[in-house]
Amino acid sequence: MSDNRRDFIKKSTLIGLSGLVSTLFGNEKLSHLESLSKLSDSEILFYLPKLPYSYDALEPYIDKQTMEVHHSKHHQTYVDKLNKALENYNEDKSLNLLLKKASDLNTAIRNNAGGHFNHSLFWQLLSPNPNGEKSIPLTKLNEAINNQFKSFDNFKKEFTEIALKTFGSGWCWLILQEGKLKITSTPNQDNPLMNMASENGKPILALDIWEHAYYLKYQNKRADYITNWWNIINWKKAEELFLDK
Ligand code: MN
């Protein structure tokens, strides 16, 4: 494979999420998706995306070691296992299609496709806040949150409650469902784009509540991790996701 071709595919990995998620990963559209799904089985389909900041950039809210292990080990493993699990899968391998029919797929594809998508989105929805500035939603999303949840503080409270009561490993989401915002959680590496999720919708915020996301710094204190996460949300990205209906 030529270097250009490889770059092209690397770049396409994050973009290869059409349909509901077409703009989650930037403005580039999914014309590359066709090419992705036509790759032969021996080609690597998915790559670990680079973080848009350094491993220590989210300090003190998320520590460097956690970020490094989470990205370079955990996320990399989802990517590797997804590529492996798809070796003998002969249907369309586009990530968005895999998510849409997740309940029909074997556990390895479902878990690792979810793991790759969820983490790719999670990284983008984080943003350094070295000066500890107040982190609040931008205009339109702020307005929608206030309408839907009475106030931002009340929204934070409800989101935190759902994240805390989610048993075991999973994710907590703010989604857009038929024009309305809704808080929901999913077990394991499932997400609201998967057909069998209890609530379907487009993710606007994503919070990883697996212990691997916080254990090194916070041990069992999921509540402290969540409290700190509110300081490093990339509200610009959330606003983009919200406005791109
Ligand atoms: Mn994780």
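**Aromatic cluster, metal site and overall layout**

One aromatic cluster is formed by F149, F152, F155, F159, W229, W230 and W235. The model in which this cluster appears is predicted. In total, the structure holds 14 aromatic pairs. One of them joins F152 and W235, whose ring centres lie 5.8 Å apart. Their planes stand at 75°, so the pair is edge-to-face. The angle is over the 60 degrees required for that class. This pair links distant parts of the chain. F152 belongs to helix α7, whereas W235 belongs to helix α10 (residues 235-243), and 83 residues separate them. Both F152 and W235 are buried.

A second pair has another geometry. The ring centres of Y214 and Y225 are 4.9 Å apart, and their planes meet at 25°, so this pair is stacked. Here the angle falls under the limit of 30 degrees for stacking. Y214 sits in the loop between β3 and α8, and Y225 in helix α9, so the pair ties together parts that are 11 residues apart in sequence. Y214 has a relative accessibility of 3% and therefore counts as buried. Y225 is buried as well, with a relative accessible area of 1%. A charged side chain also meets a ring: K217 lies over the face of Y218, at 5.7 Å from the ring centre.

Helix α7 spans residues 152-165 and contains T160. T160 counts as buried, at 18% relative accessibility. This value is under the 20% cut-off, which is why T160 falls in the buried class. Leaving aside neighbours within four places in sequence, T160 is in contact with I226 and W230. W230 is also a member of the aromatic cluster.

Attention now turns to the metal site. The manganese ion has four protein donors: H70 (NE2), H119 (NE2), D208 (OD) and H212 (NE2). These donors lie 1.9 to 2.1 Å from the ion. Along the chain they follow the spacing H-x48-H-x88-D-x3-H. H70 and H212 link distant parts of the chain, being 142 residues apart. H70 is in helix α3, and H212 is in the loop between β3 and α8. At 2% relative accessibility, H70 counts as buried. H212 is buried too, with a relative accessible area of 17%. The loop that holds H212 also holds Y214 of the stacked pair.

The strands come next. An open sheet is built from 3 strands in the order β2-β1-β3, with antiparallel pairing. β2 and β3 are the edge strands, and each pairs on one side only. From one strand to the next, the twist averages 20°. Strand β1 (residues 170-177) and β3 run antiparallel and are joined by 6 bridges. Within this pairing, W173 has A206 in β3 as its bridge partner. D208, a donor of the manganese ion, is the last residue given for β3 (202-208).

Several loops show local backbone features. A cis peptide bond joins E59 and P60, with omega about 0°. P60 lies in the loop between α2 (33-37) and α3 (64-85). Two residues other than glycine have positive phi. N188 has a phi near 55°. Its place is the loop between β2 (180-187) and β3 (202-208). N188 is partly exposed, with a relative accessible area of 40%. Q219 is not a glycine either, yet its phi is positive, at about 50°. Q219 occupies the loop between α8 (215-218) and α9 (222-229). Its relative accessible area is 33%, so Q219 is partly exposed. Both values lie between the limits of 20% for buried and 50% for exposed.

The overall layout frames these details. The protein holds 10 helices and 3 strands. Along the sequence, the pattern reads α-α-α-α-α-α-α-β-β-β-α-α-α. The protein has 245 residues, of which 51% count as buried. Among contacts between residues at least 6 apart in sequence, 67% join residues at least 24 apart. The aromatic pair of F152 and W235 and the metal donors H70 and H212 both link distant parts of the chain.

Terms used: Residues numbered from 1 in each chain as written. Predicted model: local features only at pLDDT ≥ 70, side-chain atom pairs only at ≥ 80, totals over all residues. Heavy atoms only, no water. Helix = DSSP H or I, 4+ residues; strand = E, 2+ residues; numbered from the N terminus. Buried < 20%, exposed > 50% of the residue type's maximum accessible area, 1.4 Å probe, protein only. Donors = N, O, S within 2.8 Å, 3.2 Å for Na, K, Ca; no water. Contact = heavy atoms within 4.5 Å. Pairing = 2+ DSSP bridges. Axes fitted to C-alpha atoms, helices over the stretch in contact; angles between N-to-C directions. Phe/Tyr/Trp six-rings, centres within 6.5 Å; stacked < 30°, edge-to-face > 60°. Lys NZ or Arg CZ within 6 Å of the ring centre and 35° of its normal.
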